[in-house]
Amino acid sequence: MTPPPDPSTAPAAGTQPEEADRLRELLRSRPYQKALVLSAVIGVPVSLAAFFFLVALHELEHLLWAALPAEFGMSVPPWWWPLPLLTVAGLAVGVVVTRLPGAGGHIPAGGLHTAGMAPAALPGVVLAALASLPLGATLGPEAPLIALGGCLALWFRNLARTPGTPQGAALLGAAGAAAALSAIFGNPLVAAVILIEVAGVGGPQLFAVMLPALLSSGIGSLVFTGFGRWTGLTTGTLSAKVGLPFPRLDAGDVLWAVLMAVAVAAAVHLTLSAGRRAAVFVATGRPVLRTALCALAAGGCAAVYALAVGRSPADVASSGQATLAQLAADPHAWGVGALVAVLLCKGVAYALCLGSLRGGPIFPSLFLGAALGVLLAPLPGLGVVPAMAAGMAAASAAALRLPVSSVILVVLVLGSAAMIPVVILAAVVAFVTAELLPPGRPVPPVGGPAGPPDARPAATWDDEHATGPRRRSPR
């Protein structure tokens, strides 16, 4: 196998022709061409695995939060319903974290990661997600999907006995993660852009990561969509079909979007800091008991919300995917008291689950941003739709520190490009605000005590000096 060209033999760096030459040499190298082909092949089984994984989550959640209460003659779960479910979730996740390889996956308070999970960690990742998400964790499925796709990609490579290098394994892992991630967002572009931003590379390295991820996620999206129509099974999709007409933006919308973005970024920063403290609390002793206590406290937030406003505790004890669709379809159905209560209770439950259970940070942040936008919509000169769009963009950008991905995600969730100006403005302002705020405590390593966040050098395709793509450090 001919190794790719050594960057040390190239002309001086910093010129556009040299960048183009390096990209052409990369595309002509046999190792990279094999990685592209393998990424395309891997997209099919990974997307099928992601499909059934999401179906299992969807069916379990429907059983526990809709079918089972209906069997007892209740139209909605009673206020106490989240307490036993989340206690069981905490105990199960605590056992997985302490007994299985990989500790059930990355801690959600540390953000999204594309690397670091070996195939041996896959059972723990799946079990921790199945124990967390259907039972009421205020988290989304995107982080387990990333781990599932990455682990399966490496497992299929090992099964085929394909020789690999560290950088090849990193790219295949990113490609598998993108194929799985495209399933929940219903769009391969979002998955590819998120993986690009999480990887944190640039120049020719950007294309090196982007092409396998985009190829695998595109094929995975085709398989996922076609298989869903063939079987008739549903997984649920992240969408917010707004039940109001999209207005024309004016100066008031733009001004309030900036102010909202600053406030949302500060609030999300405090929530994530609380999540990291919860992670430290769990890691410093008796993790099974402390995970169960955090989960029970999150269930208590849902119970308090249900008692206070008379709505379903599932508004708090859930990822927010279904509730976001309800809020967008009829925002006027939520009174001021319900909006304030869901923001406070879901925000606290979100922080507790970020540090103790397993899942992803995207879905709850989108809902919280949308709910805050609806709450602030009566401000003079601010409309409901622009406020929701700005709130979602600001919350996701502050939570993920991925501004481009947040813009694309919110635009696609809304299903319209009419709000792009305020979405971009809110995402950028929130991202800058969050970056300027002081960093909180570091997230403990998976399965270990607290310590400084790790950093890894940027990716390269030099076989002798290659390292994996660097991972975004927890804030």
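**Stop 1: helices 15 and 16**

Select residues 403-414 and 420-436 in this predicted model. These are helix 15 and helix 16, which run roughly antiparallel to each other, because their packing angle of about 150 degrees falls in the range over 145. Their axes lie 9 Å apart, and the crossing is right-handed.

Now show side chains at the contact. Helix 15 brings Pro403, Val407, Val410 and Val411, while helix 16 brings Ile420, Val423, Ile424, Ala427 and Phe431. Which classes of residue would you expect to see in the contact of helix 15 with helix 16? The tally is 9 nonpolar, no polar and no charged residues.

**Stop 2: Arg401 and Glu435**

Stay in this area and pick Arg401, in the loop between helix 14 and helix 15. Helix 14 itself spans 384-400. Is Arg401 buried or exposed? Its relative accessibility is 5%, so Arg401 counts as buried.

Next add Glu435, whose side chain meets that of Arg401 in a salt bridge with an N to O distance of 3.6 Å. The pair links distant parts of the chain: Glu435 sits in helix 16, and the two residues are 34 residues apart. At 29% relative accessibility, Glu435 counts as partly exposed, whereas Arg401 is buried.

While Arg401 is selected, check its backbone as well. Phi is near 60 degrees, a positive value in a residue other than glycine. That is worth a look because most residues other than glycine have a negative phi.

**Stop 3: Asp315 and Arg311**

How many salt bridges does a search of the whole structure find? There are 2. You have just seen the pair of Glu435 and Arg401; now go to Asp315 and Arg311, whose side chains meet at 3.1 Å, N to O.

Asp315 lies in the loop between helix 10 (287-309) and helix 11 (321-329). With a relative accessible area of 6%, Asp315 is buried, while Arg311 counts as partly exposed at 26%.

Expand the selection around Asp315 to see what else is there. Leaving out residues up to four places away in sequence, Asp315 touches Tyr305, Thr323, Trp334, Val342 and Lys346.

**Stop 4: Thr271 in helix 9**

Move to residues 251-283, which form helix 9, and pick out Thr271. Its relative accessible area is 17%, so Thr271 is buried, the cut-off being under 20%. What is Thr271 in contact with, leaving aside its neighbours within four places in sequence? Select Gly347, Tyr350 and Ala351 to see those partners.

**Stop 5: helices 4 and 5**

Select residues 122-132 for helix 4 and residues 142-159 for helix 5. Their axes come within 10 Å and cross at roughly 160 degrees. That angle makes helix 4 roughly antiparallel to helix 5. Helix 4 passes helix 5 in a left-handed crossing.

For the contact, show Leu122, Val125, Val126 and Ala129 on helix 4, together with Pro144, Ala147, Leu148, Cys151 and Leu152 on helix 5. By class, this contact has 9 nonpolar, no polar and no charged residues.

Keep helix 4 selected and colour by accessibility. Leu122, Gly124, Val125, Ala128, Ala129, Ala131 and Ser132 are its buried residues to look for. If you want a feel for the pattern, recall that an α-helix has 3.6 residues a turn, so residues three or four places apart point the same way. What covers the buried residues of helix 4? The cover includes helix 2 (30-71), helix 3 (82-99) and helix 5.

**Stop 6: Ala103**

Step back along the chain to Ala103, in the loop between helix 3 and helix 4. Its phi is near 55 degrees, a positive value in a residue other than glycine. With 5% relative accessibility, Ala103 counts as buried.

**Last stop: the whole chain**

Clear the selection and show the full cartoon. The protein chain has 16 helices and 0 strands. Of its 475 residues, buried ones make up 54%. A contact map is a good companion view here: among contacts with a separation of 6 or more, 79% are between residues 24 or more positions apart.

Notes:
Residues numbered from 1 in each chain as written. Predicted model: local features only at pLDDT ≥ 70, side-chain atom pairs only at ≥ 80, totals over all residues. Heavy atoms only, no water. Axes fitted to C-alpha atoms, helices over the stretch in contact; angles between N-to-C directions. Helix = DSSP H or I, 4+ residues; strand = E, 2+ residues; numbered from the N terminus. Parallel < 35°, antiparallel > 145°, perpendicular 65-115°, else oblique. Left-handed = near helix turned anticlockwise from the far one by under 90°. Contact = heavy atoms within 4.5 Å. Nonpolar A, V, L, I, M, F, W, Y, C, P; charged D, E, K, R; others polar. Buried < 20%, exposed > 50% of the residue type's maximum accessible area, 1.4 Å probe, protein only. Salt bridge = Lys/Arg side-chain N within 4 Å of Asp/Glu carboxyl O.
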